[in-house]
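Visitor: I would like to know how the labels on this model are earned. Please set each value against its rule.

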Amino acid sequence: MMRSLYSGVAGLKTHQTRMDVIGNNIANVNTVGFKGSSVNFADTFYQTTSPATGPDAATAAAGSNAKQIGLGSQVASITTNITEQGGTSSTNRALDIAINGDGFLIVKSGGATYFSKAGALNVDTNGTLYSTVNNATIQGWMANAEGEVQRDIVRDLTVMSPDNLYYPPTATTNVTLQGNINKADKALVPITGEDGSVTIDNGLVATVSFYDKLGALYTAKLLIVKPTEAADAGGDEVEISSYNVYLGDVMDEDGNSIFVKEVPNDGDDGGTHYVATGVSVTLGGATYTVEEEAINSETGKFTKLTGGDSPATINFNKGNGEFLSVGENDGGILETSKYKGTNFVLSIDPGENNAYVDNTFDQYNTDNGTGGIMIDVSSITQYSSASNITYTKGDKEEAAGAGNIAGEMKGISIDEDGFVYGTYNNGSKKCLAQIPVATFNNPSGLEAIGDSLFAQSLNSGTFDGVGEAVSISGSFTVGALEMSNVDLASEFTTMITTQRGFQANSRIITTTDSMLEELVNLKR
């Protein structure tokens, strides 16, 4: 009879443990990334009062089963339901991520590596990503200076380091002209004199802006002149209209021509005058400079450049007005280059030891086809509509080579593959890092240590120190958080059965007590 008392006590303890787990689940029903647990019971020791016997052929006696009395229940396991996805709650915050799949964020806290589903991230004063739920530092892969992620042993993601706060300037290497040239436009008049000089006050003007290697902005003034007609050399007898393109000027961001500079007068009168800088600019096959005598020494203005004897040309199909080709004077573009026939080259040579114009321009190298600025004119037409030439920085097909000024970081963002990007006020975007995830053979074997953190155990499998891209096992939902996977309906139902089980086990004790009382009363 005493055995039933202890069985009842064992039942009370196991149901109390189950109630503790249910209470913890319900308490964390709104905890980000929380994974609910469940309790499984098992019967415990048995007292065998009579062992099993087999049949006896000699006596014709049948066998009998063992007589065993159980001694209650015990907690067999407390299992965390890690694999079930919690609901996704939208936050519209750029640094909140919910993990779709079996992966865990890799974090470091107190010098130890842990794992978490809580994706509410922020950046601390050191520029490092961390979880706002537990203040653990997010671990991942950093990118190099070119924005290429280095997939190696994970480390702190210091995405807003001093190196990343600023985006270096890059020089413009490609410019695309687009628009239309109306052959009847009165602005298309000859602009070269008998001495080969270029008169900069005539011609259809097209402006092109570009950056040097320091991010300084310059604007080139191109002059397009009236066409001359000729037969196409391709052998198809297509009549073409050929336009010459000359250089009118190149100005800095203050609107000052780079061909002239202001210098002090000789003597002590404190006055200044303007002289030539010695800069030369090559456009297509022609190199342009300004002669000293062409400059107004008082205003710095000039009306002509020398060197327009081999200008770049643009050829159109006279019959339909569509672009055909760039002439031979393109600046020496390689025959194997994809820019051959559609581009001509602009490059600036400041000359030696020029104190006014720095050597911040890449010169075009005709041996390997690098440097200079490729100007694509294949998007220009010759239709009977108004003349209007505009430009965009960058390659026509890939939008590459636009260049940029130096930029300052204005924010970071994360995409669904875990790549962390910095955005800059110069319009640039750069990959800074990637957030990987850790997966385990038995994720339910992870040990919860609080603060929405899990630690690997002997039964979970081990973390290799590197992790894997989230795309292998799932994805990130950006601007959202994974909520608790606790099902309140299930928890309340389990709570009812647990309460009844506890109540029934308490009845075992009270009933056994009544039986003992009756036994004691026998002596009366």
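Guide: Start with residue classes: Ala, Val, Leu, Ile, Met, Phe, Trp, Tyr, Cys and Pro count as nonpolar, Asp, Glu, Lys and Arg as charged, and the others, Gly among them, as polar. By that rule the lining of the largest pocket has 6 nonpolar, 5 polar and 6 charged residues. The model is predicted: local features need pLDDT of at least 70, side-chain atom pairs 80 or more, while totals for chains, interfaces and linings use all residues. Numbering runs from 1 along each chain as its sequence is written, and side-chain values use heavy atoms, without hydrogens or water.

Visitor: What makes a residue part of the lining of the largest pocket?

Guide: An atom within 4 Å of a point on the 1 Å grid; a pocket is an open set of points with protein on both sides within 12 Å along at least five of seven lines. The largest pocket has 17 such residues, with Asn256, Ser257, Val260, Gly300 and Lys301 nearest its centre. β20 gives the largest share, 3 residues.

Visitor: Why are α1 and α3 called roughly antiparallel?

Guide: Angles over 145 degrees count as roughly antiparallel. The axes of α1 (residues 2–27) and α3 (residues 488–520) cross at roughly 160°, so the two helices are roughly antiparallel. Their contact divides into 14 nonpolar, 14 polar and 2 charged residues.

Visitor: What makes a space a cavity?

Guide: A 1.4 Å probe fits there but cannot get out. The count is 1 cavity of 30 Å³ or more. The largest cavity has a volume of about 90 Å³. Thr172, Phe361, Asp362, Gly372 and Ile373 are closest to its centre, among 14 lining residues.

Terms used:
Helices (H or I, at least four residues) and strands (E, at least two) are DSSP runs, numbered from the N terminus. Axes are lines fitted to C-alpha atoms, for helices over the stretch in contact, and angles run from 0 to 180 degrees between N-to-C directions. Angles under 35 degrees count as roughly parallel, over 145 as roughly antiparallel, 65 to 115 as roughly perpendicular and the rest as oblique. Grid points are joined across faces, edges and corners, and a volume is the space filled by probe spheres set on the points.
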